[in-house]
Amino acid sequence: SVLITGGTVRLGKVIAERLRAEGWRVITSSHRPDAGADIIVDLAEPMGAAKLYAAALQMLGGTPPDALVNNAALFTGDPAAITAVNLEAPKKLTMLMAGRETGVGAVVNVLDSKIINDLRCDAICHRSVGASEHPSKYGWSKLELLDWTKKAAMQFAATLRVNGVAPGPVMAPTEVHEKAGEMLLDRRPTADDVAAAVSYLLGAEATTGAIIPVDAGQHLVEG
């Protein structure tokens with residue numbers, strides 16, 4: 001079983017469809033009542049993550065999900081809501097997943113390759129960048145989630161494998177208009193490519209703390 005936040009639209013929908021085809025029992029969440037999700041919950045609310053996890057447990061007869069894909073994200077809007085959905089909810093859900101009593105679960109956080117490229121690996125891997133150092137709340141939240149991915153992989157190794165997928169120019173948000181940027185490969189990445197990376201990490205039992213860029217090599221191109 002796998003819980004996918006934001007699993008009914010755009011990238012989340014593609015991930016959900018691939019995992020269903022591979023035999024996973026997929027549980028999706030959305031904040032929109034008309035989205036067709038299995039669980040309707042607003043992750044911007046203080047108790048949103050806890051409500052979501054409790055609902056998933058109920059659906060699974062009290063058994064924790066085998067896997068979690070933290071995909072839901074806000075790109076623009078209220079800064080507090082962006083932080084809650086993009087960073088705090090994934091952290092809370094990961095900690096709830098880590099409390100499992102048996103087995104080792106898997107968590108995949110959906111990040112953003114452009115953030116990695118813009119701020120360079122040394123800034124990302126060796127220190128936590130504050131909000132004042134990044135021009136957008138979305139970018140800051142994804143950067144902090146990347147840092148959390150590595151910390152959670154170490155902290156919860158007994159019960160969880162925690163990894164990340166960093167999509168490149170796959171699906172630009174409808175409210176954002178920017179160029180795709182330079183890539184090493186001739187082939188632009190697709191949502192299916194991202195879903196394949198998520199699928200791999202969910203099954204990679206010897207991998208934790210890894211970040212897979214799915215960006216046609218864009219993170220290697222100097223800006």
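This passage walks through the fold, two helix pairs and a few individual residues of a predicted model.

Starting with the overall layout, the chain contains six helices and seven strands. Following the sequence from start to end, these elements come in the order β-α-β-β-α-β-α-β-α-α-β-α-β. Of the 223 residues in the chain, 50% are buried. Contacts across the sequence are mostly long-range ones: taking the contacts with a separation of 6 or more, 70% link residues 24 or more positions apart. As for the outside, the chain has an accessible surface of about 10600 Å², and carbon and sulfur atoms hold 54% of that area.

Helix 5, running over residues 137-155, offers a simple check on geometry. With 19 residues at 1.5 Å each, this helix should span 27 Å, and the C-alpha atoms at its ends sit 26 Å apart, so the two figures agree. Helix 5 is also mostly covered, with 14 of its 19 residues buried.

Next come the helix pairs. Two packed helices are described by the angle between their axes and by the distance between those axes. For helix 1 (residues 10-21) and helix 6 (residues 191-203), the axes come within 9 Å and the crossing angle is roughly 55°. An angle of that kind falls between the cut-offs of 35 and 65 degrees, so helix 1 and helix 6 are oblique to each other. Their crossing is right-handed. On the helix 1 side, the contact involves Leu11, Val14, Ile15, Arg18 and Leu19; helix 6 brings in Ala191, Asp192, Val194, Ala195, Ala196, Val198, Ser199 and Leu202.

Helix 1 also holds arginine 10. This residue has a relative accessibility of 33%, so arginine 10 counts as partly exposed. Arginine 10 is separated from methionine 171 by 161 residues in sequence, yet their C-alpha atoms are 7.5 Å apart in space.

The second pair is made up of helix 2 (residues 48-59) and helix 3 (residues 79-98), whose axes come within 9 Å and cross at roughly 40°. Helix 2 and helix 3 are therefore oblique as well, and they cross in a right-handed sense. Here helix 2 contributes Ala49, Ala50, Leu52 and Tyr53 to the contact, while Ala89, Lys92, Leu93, Leu96 and Met97 come from helix 3.

Threonine 83 is another residue of helix 3. Its relative accessible area is 15%, and the cut-off for burial is under 20%, so threonine 83 is buried. Setting aside neighbours within four places in sequence, threonine 83 contacts Glu88, Lys137 and Trp140. One of these partners, lysine 137, is 54 residues away in sequence, with 7.3 Å between the two C-alpha atoms. Helix 5 covers residues 137-155, so this contact ties threonine 83 of helix 3 to residue 137 at the start of that stretch.

Finally, serine 29 belongs to strand 2, which covers residues 26-30. With a relative accessible area of 2%, serine 29 is buried. Not counting residues up to four places away in sequence, serine 29 touches Ile4, Thr5, Gly6, Gly7, Ala37, Ile39 and Leu52. Leu52 appears in this list and also among the helix 2 residues that meet helix 3.

Terms used
Residues numbered from 1 in each chain as written. Predicted model: local features only at pLDDT ≥ 70, side-chain atom pairs only at ≥ 80, totals over all residues. Heavy atoms only, no water. Helix = DSSP H or I, 4+ residues; strand = E, 2+ residues; numbered from the N terminus. Buried < 20%, exposed > 50% of the residue type's maximum accessible area, 1.4 Å probe, protein only. Contact = heavy atoms within 4.5 Å. Areas by Shrake-Rupley, 256 points an atom, 1.4 Å probe, with all protein chains shown as cover. Expected span 1.5 Å × (residues − 1). Axes fitted to C-alpha atoms, helices over the stretch in contact; angles between N-to-C directions. Parallel < 35°, antiparallel > 145°, perpendicular 65-115°, else oblique. Left-handed = near helix turned anticlockwise from the far one by under 90°.
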